[in-house]
Amino acid sequence: MAVVRKSRLPGCLLTLVLLQLPKLDSAHFEVMGPPEPILAMVGADAELPCHLSPNVSAEHLELRWFRRTPSPAVFLYQAPQEREQELMPEYRGRVALRRDDIAAGRAALRIRGVRASDEGEYRCFFRDNASYDEAIVHLRVAALGSEPHITMEVQESGEVRLECTSVGWYPEPQVQWRSAKGEEFPTTSESRSPDEEGLFTVAASVTLRDSSMDSVSCCIRNLLLGQEKEVGVSIPVDVTLDPDTAHPHLFLYEDAKSVRLEDSRQKLPENPERFDSWPCVLGREAFTEGRHYWEVEVGDRTDWAIGVCRENVMKKGFDPMTPDNGFWAVELYGNGYWALTPLRTPLPLAGPPRRVGIFLDYESGDISFYNMTDGSHIYTFPGISFSGPLRPFFCLWSCGKKPLTICPVSEGPEGVTVIPEAQNLSKDIPLSRVGQDSASGDTDTLRSKLISSQPSRGAP
């Protein structure tokens, strides 16, 4: 029978070898983590560091990153390989270790695509047989949400209710309403609700009772990041008519708030800003930013067009009033309502509006029209890339005793929610060209040629 003999080192030599090896027991090595929390943005990568002290190689040790319980783990390394099958499902494929630092006793864990749910406490645990130690690393997660969006509701009492909404914040943000002077005032209602990813949607409303307040802003602040997003709204806009742009057949009344088309033709100084063919007039106010709202009393008169145009639109001749030429408007001619798109869009309204609200959101590129009789949406020109100043404009296609009047918003009827929304209508009708006879001063010809005299297919 073969006998295997075990070699034995002399006691003094064995003691010498042990003294030359690093002693990795619970009394002689520690795991160290960062003293402060690690901050990471949602969607970015986070790196959680820890290391051995003294800085000896950890290639032959077990390394485990975990959260509340050691198993399942966030990351597990058992020399000589990683063991992904033993990880928490939400971390599989999302975690990695800087392997080149293991030999130096460092174990930085990288988490890819950080989520709100990743926030919290992580434990970096090393073990060598019966010797072990761990360090705690805190991960803070933050997300800066979307640009705030303000909707407006003008109530019958004249009070204005504003609601500010934004999505994608973490942690829960702070919402503040501010006046143009930076003064803060309290919200009337506020909500914060997490979505499926744990990011917060916020909504905060305020009711304005001070009619002298012409602009306010909504500020949403991430306190963890020390960053905020703010958007302002100017309401209502005190629009007045600019006599220097008025067609000679248009007469302005009541402090330039009303306009009427009359038979007589005024003798007015000729200037490049005056309409000489279309019976139109612009508002004095020019808008280059922000959100603006005004209302126009159209009453029961027919044949009008109102909207917004670029300040430098062609005012001489009969270029069609379309977005391509810098006009965004709705029109009533006879019994038909139209959006003046390149192919005219008929508007099947439930009832005739006696007052029309116009809402301009310069940054978002939206111009919306509302029936203030019942608060319903008429039409929106969405997603326009504005450049340069925009001005309100008003046109009358036939004479009559009843004017178009810019009216105070505080006298408005039941509320209207001013929020852009696309209008999808299938029936479009081509624009008709305008004859040159309109410049003669004959009031019978000062009628809209935007709608042909014969019924068109698709008209309501």
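Visitor: Why does alanine 256 count as buried or exposed, whichever of the two it is?

Guide: In this predicted model, alanine 256 has a relative accessibility of 17%, and since buried means under 20%, alanine 256 counts as buried. Alanine 256 is found in the loop between strand S20 (250–253) and S21.

Visitor: What makes the phi of alanine 256 worth a remark?

Guide: Its phi is near 60°, which is a positive value in a residue other than glycine. Most residues other than glycine have a negative phi.

Visitor: Which term, buried or exposed, fits asparagine 129, and why?

Guide: Asparagine 129 has a relative accessibility of 70%, and because exposed means over 50%, asparagine 129 counts as exposed. Asparagine 129 lies in the loop between strand S10 (120–128) and strand S11 (131–142), and although asparagine 129 is not a glycine, its phi is positive, at about 55°.

Visitor: Why is serine 166 called buried or exposed, and which is it?

Guide: The relative accessibility of serine 166 is 1%, and since the limit for buried is under 20%, serine 166 counts as buried. Serine 166 is found in strand S13, which covers residues 160–169.

Visitor: How do you know that the side chain of serine 166 makes a polar contact with that of tryptophan 169?

Guide: The distance given for these two side chains is 2.8 Å, and because a polar contact requires a pair of N or O atoms within 3.5 Å, the pair of serine 166 and tryptophan 169 qualifies.

Visitor: Which residues does serine 166 touch, if residues up to four places away in sequence are not counted?

Guide: Serine 166 touches several, among them Gly145, Ser146, Glu147 and Pro148, and also Phe200, Thr201, Val202 and Ile220. For the chain, residues 24 or more positions apart account for 65% of the contacts with a separation of 6 or more.

Visitor: How many aromatic pairs does a search of the whole structure find?

Guide: The search finds 13 aromatic pairs. Tryptophan 278 and phenylalanine 318 form one that is edge-to-face, with 5.5 Å from centre to centre and 80° between the planes.

Visitor: What makes the pair of tryptophan 278 and phenylalanine 318 edge-to-face?

Guide: Rings pair if their centres lie within 6.5 Å, and planes over 60 degrees apart count as edge-to-face; with centres 5.5 Å apart and planes at 80°, tryptophan 278 and phenylalanine 318 therefore meet both conditions. The pair links distant parts of the chain, 40 residues apart, with tryptophan 278 in the loop between strand S21 (258–261) and strand S22 (280–282), and phenylalanine 318 in the loop between strand S24 (304–310) and strand S25 (327–333). Both tryptophan 278 and phenylalanine 318 are buried. Elsewhere, Phe66, Phe125 and Tyr132 form one aromatic cluster.

Visitor: How do you know that the charged end of arginine 344 sits over the ring of tryptophan 338?

Guide: The charged end of arginine 344 is 4.5 Å from the centre of the tryptophan 338 ring, and the distance part of the rule asks for CZ of Arg within 6 Å of the ring centre. Arginine 67, too, lies over the face of a ring, that of tyrosine 122, at 4.4 Å from the ring centre.

Visitor: Why are S29 and S30 said to pair, and over how many bridges?

Guide: Strand S29 (residues 366–371) and S30 share five bridges in the antiparallel sense, and because two strands pair if there are at least two bridges between them, S29 and S30 count as paired. Tyrosine 370 stands opposite histidine 377 in S30. The two strands form a hairpin with four residues between them, and glycine 375 in the turn has a positive phi of about 80°.

Visitor: What makes strand S30 mostly covered?

Guide: Five of the six residues of strand S30 (residues 376–381) are buried.

Visitor: In which order do three strands form an open sheet, and which strands are its edges?

Guide: The order is S3-S9-S8, with antiparallel pairing, and the edge strands are strand S3 (46–48) and strand S8 (95–97), since each pairs on one side only.

Visitor: What kind of peptide bond joins serine 53 and proline 54?

Guide: A cis peptide bond joins serine 53 and proline 54, with omega about 5°, and the bond from serine 71 to proline 72 is also cis, with omega near -5°. Most peptide bonds are trans.

Key:
Residues are numbered from 1 along each chain as its sequence is written. Side-chain values use heavy atoms; hydrogens and water are left out. Buried means under 20% relative accessible area, exposed over 50%, partly exposed in between (1.4 Å probe, protein chains only). A polar contact is a pair of N or O atoms within 3.5 Å; within protein, one must be able to donate a hydrogen and the other to accept it, and residues adjacent in sequence count only if both atoms are side-chain atoms. Contact means heavy atoms within 4.5 Å. Rings of Phe, Tyr and Trp (its six-membered ring) pair if their centres lie within 6.5 Å; planes under 30 degrees apart count as stacked, over 60 as edge-to-face and the rest as tilted. A charge sits over a ring if NZ of Lys or CZ of Arg is within 6 Å of the ring centre and within 35 degrees of the ring normal.
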